[in-house]
Amino acid sequence: MNMQGTIRLIRFLLWLIVILPGKSIPLTAQDIPHGLLTDLIAHTDKVYINGYPSTLTLENVTEAIEPVQYIEIQSSYPSFSWMVPGEGNGTYQTAYHIIVSDSREKALKKEGNVWDSGRVESNQSVSIICGGQGLKPQTNYFWRVRVFTNAASEPGWSDIKAFRTASRLSDYASACEMQVKTPEYPQEILFTKDGARLFDFGKDAFSQLRISLTSKTGRDSVQVRLGEFLSEDSVLTTLPGSSIRMQEYTVPLMKGRHTYQVKIRKDKRNTGDAAIQMKGHIGEVLPFRYVAVYNYSHPLTCMDVTRESVHVPFDETSAFFHCNNDTLNQIWDLCKYTMKATSFTGIYIDGDRERIPYEADVFINQLGHYCTDRSYAMARHSWEYLLDHPTWPTEWILQGVILAWNDYMYTGDARSLKANYTILKHRTLSALKGSNGLITTTTGLQTPEFSKSIRFNGQIRDIVDWPNRPGIFGKGMPGEADGFVFTDYNAVTNAWHYETLKIMAKIAAVTGHEEEVKYFEEEALKVRKTYNKLFFNKKSGLYCDGDTTRHASLHTNMFAVDFGLVPSKYISGINDFIVSRGMACSVYGSQFLMDALYDMGNEQHALSLLTDTSDRSWYNMIRVGSTITLEAWDNKYKPNQDWNHAWGAVPANIIMRRLVGVEPLSPGFETVRIHPQIGHLTNVEARIPTIRGTIKLKIDKGEIYKLSLTLPANMKGEVYIPLKEIHIKGKDRQAGKIVSKNGCKYLYIPNVSAGTWHFEI
């Protein structure tokens, strides 16, 4: 097609696009900022008693005779964030005014005796750092904000948000979410073949149990069994060698009717020194779905059996996804619930077997939590914890840099980047560079000084995937690294290294280390050049696993795609190879496989893997009976696996980030990319939480492609609409090139403002 033909085609396509504005609702004086966060936490004003919200306020906590709990703000200069009011199209903030007071009365009178920002001409609505002389320890504070927008003539003040500072403060320290309890009752009562009454709560949860029982004599006892797995003959049990949980307790009864608290026993392995301990006001928990009661002859109803599940506050309505594929809907529900259920320690952990934070678990948990709730403090607390408590895999040390950048992009809060700049720089592992400019962990470069620089006691080693070699969990057991061949210079490890260098250049710019921006950029370019020279096999058109092997694994090639190491001319061949390997990686590795497929524009194959029903699929987790994602695809691939492992919940973020296509383009979602890749789905509806508010999206794909989009106030977006084919009067016509992205064609619509919009082709 010549240039004039291309121009005519573009004009024709633009004519086909109809952009219909949604109903504009003007702001009134009653519209006020909402969704206030103090140091990224919403419920700083709540006082809890043993895991339950109480009627107490921060002002009268001293009246309680029982122990109380509340969020403690650790920073002398906390950050403030809010959602800008207004649903009209094009609404944005032009200025803000914050006051901080040391009493509710002063805040009501709008007296900012601690800090008064005055009117600040700015569109910034996230991560405003408290000014003034710094806050005092163990003190209650009250803040509120009013915002000026282009759509409201008279700004209203927000409700008052209270918080209390900790006994020790620093200029910056992250706050921790509160662990809470939710009472739950069984959904049904069954009878097992071994004579028990079985109470099914419908879903697994990290919990405690209270049960009401009756005894005529006070000399009898009841056996109570708690567990996650129901065998084929309907007996509550566990599997040999696995970490699927089941515990049994004897409850000695008192005469009459009483309610008994089952005291959960500690497990030696998951309560050791490296494990995250349960808080005293919560107590020990056990993951269980079922309760079996033996040796009890009196009536029992669902109201007699109460499970207290433990988690951090989680808004079930914050995120939503539904499509015309029921398998994918079930997988979304599984993964979304996993985010809530596995938050029971207040920090992301690997599962119940160890209860230890690992960077890879935090990586997947972080993104999944962002996509299922407007919640950010637990993710920050988790990855900052790992800066001081790193784990042994090389790639996971490197992940610390990416965890930090994800945090910044989703929150807009750069304080943690500034506070941890030095350790993040060390975690690029540049100290392990060999003579060829790539990093290696096996050639004697891991000195005591190096270990100290990354705060690790010992030597790190490459992992690629887990389990990474056949036979680790028994003779004949396969590994999950697609036969990866380990060499001194590992292609996967160096792909991660390249990504950290690129990100550190951005972090250096954000944190004011301008002199180091160029250094990291140049180092990244050197690695990219050497990587392609050393690892790419021109004959096969694939990347090899290392410097002394020609073996090409799925992992090496998908990570090269993920981190932008592949020149565009090689993408097609690598895409074909990746597709040919199927799901030849673990549930952890699937994160990067799915990202690679969407990066290459292969949404059809990505969707086929998301909805697959083989034993290496997310649907298999549902089929085997788990309601929280598994540590591995199936028990046969990792016999000692947990049934409550959040790194198996990759679809929680992949569905929202890549299939629905919503990701931040700039920090704190000031701008957002909307790039749906829904494959052969015909209907998709989603709500995606962000720190600025909820994004709503609906797609109906037929002869007319319809995309309805709502962006919250004070946000802008760029939208990509697929142009693979346009249907006109029943005849297919090729779309031609409007914008080429990942090898596919799209109509690109920049600068979509806040509000509701309807796009039709």
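This section describes the nonpolar cores and selected backbone features of a predicted model.

The largest nonpolar core comprises 178 residues. Within this core, the members that touch the most other members are W82, I98, F321, W496, L659, V660 and I695. A second core, separate from the largest one, contains 21 residues, among them L209, V262, L286 and L300.

The surroundings of W496 were examined further. When residues up to four places away in sequence are not counted, W496 touches the aromatic residues F363, F559, F563, Y588 and F592. The contacts of W496 also include L398 and I402, together with E395 and Q399.

Backbone geometry was considered next. A cis peptide bond links W466 to P467, with omega near -10°. P467 lies in the loop that connects α9 (448-453) with α10 (491-510).

Positive phi values in residues other than glycine were found at K110 and F669. For K110, phi is near 65°, and this residue is placed in the loop between α2 (104-108) and β9 (115-116). For F669, phi is near 60°; the residue belongs to the loop between β27 (662-664) and β28 (671-674).

The solvent accessibility of each of these two loop residues was also computed. K110 has a relative accessibility of 40% and therefore counts as partly exposed. The relative accessible area of F669 is 1%, so F669 is classed as buried, the cut-off for this class being under 20%.

Technical notes: Residues numbered from 1 in each chain as written. Predicted model: local features only at pLDDT ≥ 70, side-chain atom pairs only at ≥ 80, totals over all residues. Heavy atoms only, no water. Core = buried A, V, L, I, M, F, W, Y, C linked by side-chain atoms within 4.5 Å. Buried < 20%, exposed > 50% of the residue type's maximum accessible area, 1.4 Å probe, protein only. Contact = heavy atoms within 4.5 Å. Helix = DSSP H or I, 4+ residues; strand = E, 2+ residues; numbered from the N terminus.
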